[in-house]
Amino acid sequence: MADTIPADAGLRKGLARPSRASVWADKWIPLVVLSPSVVISLIFVYGFLAATAVLSFTNSTLMPRYVGAGFQRYIDLFSNSVWWTSVANLFWFSVPFIVLSLGLGLLLAILMDQRIRAEGALRAIYLYPLALSQIVAGTAWQWLFNPEYGIQNTVRALGFTSFEFNWLNDSRMAMACVVIAAVWQCTGFVAALFLAGLRGVDEEVIKAGMVDGASMPVIYRRIVLPAMWPVFFSVLLLLTHQAIKTFDLVVAMTAGGPGTSTWLPSYFMYNFSFERGRMGVGAASAVMILVMVVAILIPMMYLEKRAQKNAS
Amino acid sequence: MRPDKLVARIAIYAVLGFFALIFLAPLYVVLVTSLKTLPELRVGTMLALPQGLNFDAWGKAWSSACTGAACNGLQPFFMNSVYIVIPSVIISSMIGSINGYALAQWRFPGSEIIFTGLLFGFFIPFQAILLPAAQFLGMLKLANTIPGLIIIQTVYGIAFCTMLFRNYYVAMPLELVKAARVDGAGFFRIFWRIFLPISLPIFTVCVIWQFTHIWNDFLFGVVFSGPESRPITVGLNNLVNTSEGVKEYNVDTAAALITALPTLIVYIIGGRYFIRGLTAGAVKG
């Protein structure tokens, strides 16, 4: 509370004494200014979350109907094999997406940290995909993965006439295409965050290491990377969050297909709620997505806080 | 330079350059495809340069390509996005700045709780609010309208804008407000005279970030819009993925570029601020 402005701030000797009304106003105006946002947040965030939860316990189909259905919608959801496919797909999307973006982002950040020329230009090139809509990214990659015109055709034109690359239409490999597009979009962002973290590591420590005759790889492994834990956790948090929310990219690249091989929970929620008119099941899946975010992110945020404390 | 050092330098540049090419490749391929004719697409590879600068596909994507039943190109969607983006960006940035100022410089008992409570809106997966939000807009008779989308984009932008401004103003010394109050200035006057004039950088960050986000949004756009109010991302997806007959890939890629152009231009001009928004959102998010 040390930062709270004392009510007698203006009472010092020789200065104009603020009127009682203005002291009263100063106390309440900040609250009045914030109250619309608080009310909006109570309705649009907390209220709607609660309403979704309520919907998930009703018989709603095309229109919301507030007739209690107990846990029936959850039973429907959990006995729906497409839901479990979506959850499994999310795992097979998230793990490679996170590992590849982290690994590649860290590599690019370390290389860019070696006092190189044209760092600004390189960083801009790695980061531009993030400025694009996922629908644009999906359209572009759909084109690259098109067997007749895209990568397969180009490699074949180089003389490798039996080259096969038709992942987008292969139910086992379609998710890999989505992963590639997602990694392309997010790696520059990861690299930018890691680079900022690397720049924050004390130069003196690195110099001391060099004086002691340690080689650059050793300095990185022993000194620089351990100091990066807080950044690492922040990035991991953001990527996990991003992975669970991924929706547009799937719509644009595969529309969930072939079959249900690239359905994700977010796609399931959209499809059941707005295309199949099964609002109750859609709401139950939305609640499960929220539970996922909370269940994964809260422990990670806790770890991040702890890592930050240990680092400082 | 010692030979082994030289080799290391070359290797660093080679790896960085290689990935730069990989990252640029999709943009290059999409650009050259959009400048080719359909017969031209069939003969060469996707990497081949176009025979000339042929903007026919761009013209068609803009004004006559079919997006489902209608064949007016992306133009109406583009304008919808403009009408949605401009008010949402302005309103959410303004609310964010005054909120951030109140939270950072006028702390009161409970202000931290309010901040955390607002911030939660930034973390929720939007799937968890879509259904009630659609109902709510229906109740206000704003379902499938541009004003409805403006409300949604503004409301869900407030959390991020507030955080951005709060973290900016929190670095300013509290003495500024104290001194101004001694001189008899109130909450709004201090904001207007002292804080707004030093807020240009953070306003730029906020506007760029909100613009990019709202322009690129698809989820809200596809759920809350109707035939007359669809934003450009929905238009692009309809054009690319629901068109019947012969697939015109040159038109598809031109449409993708038209959709990407506004945010790409903003990124090229304001890249520095874009990165700041990113790290601000990440570090404190």
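This is a short tour of a predicted model, moving from chain B to its contact with chain A and then into chain A.

**Stop 1: chain B as a whole**

Start by selecting chain B and colouring it by secondary structure. You will find 13 helices and 0 strands. Follow the chain from the N terminus and every element you pass is an α, as the order runs α-α-α-α-α-α-α-α-α-α-α-α-α. Is chain B compact or spread out? Its radius of gyration is 24 Å, while the globule rule gives 19 Å for 285 residues, so chain B is more spread out than a compact globule. Turn the view along the principal axes, and the C-alpha trace of chain B spans about 75 × 70 × 30 Å.

**Stop 2: two crossing helices in chain B**

Next, select residues 75–105 of chain B, which form helix α4, and add residues 146–169 of chain B, which form helix α7. At what angle do these two axes cross? The answer is roughly 35°, and the axes come within 6 Å. The crossing of α4(B) and α7(B) is right-handed. Now show the side chains where these helices meet: the contact of α4(B) with α7(B) has 17 nonpolar, 13 polar and 1 charged residues.

**Stop 3: where chain B meets chain A**

Bring chain A back into view and look at the contact of the two chains. Chain B supplies 76 residues to it, and chain A supplies 82 residues. Which element of chain B gives the most to its side of this contact? Select residues 249–284 of chain B: this is helix α13, which gives 16 residues. If you colour the chain B side by residue class, you will see 52 nonpolar, 20 polar and 4 charged residues.

**Stop 4: the two domains of chain A**

Now hide chain B and give chain A two colours. Residues 1–55 of chain A make up domain 1, and residues 76–311 of chain A make up domain 2. Taken over C-alpha atoms, the centres of these two domains of chain A are separated by 39 Å. Look for the place where they touch: 4 residues of domain 1 of chain A are in contact with 6 residues of domain 2 of chain A. On the domain 1 side there are 3 nonpolar residues, 1 polar and no charged.

**Stop 5: an annotated stretch of chain A**

Finish by selecting residues 87–302 of chain A. An unreviewed UniProt entry places the feature "domain: ABC transmembrane type-1" here. How much of this stretch is helix? Over residues 87–302, chain A is 72% helix and 0% strand. Mark the C-alpha atoms at the two ends of the stretch, and you will find them 24 Å apart.

How values were computed:
Residues numbered from 1 in each chain as written. Chains lettered and ligands numbered in written order. Predicted model: local features only at pLDDT ≥ 70, side-chain atom pairs only at ≥ 80, totals over all residues. Contact = placed C-beta atoms within 7 Å. Helix = DSSP H or I, 4+ residues; strand = E, 2+ residues; numbered from the N terminus. Nonpolar A, V, L, I, M, F, W, Y, C, P; charged D, E, K, R; others polar. UniProt positions renumbered as here; feature names shortened; annotations may be inferred. Axes fitted to C-alpha atoms, helices over the stretch in contact; angles between N-to-C directions. Left-handed = near helix turned anticlockwise from the far one by under 90°. Domains from an automatic or database assignment. Rg over C-alpha atoms; globule rule 2.2 N^0.38 Å.
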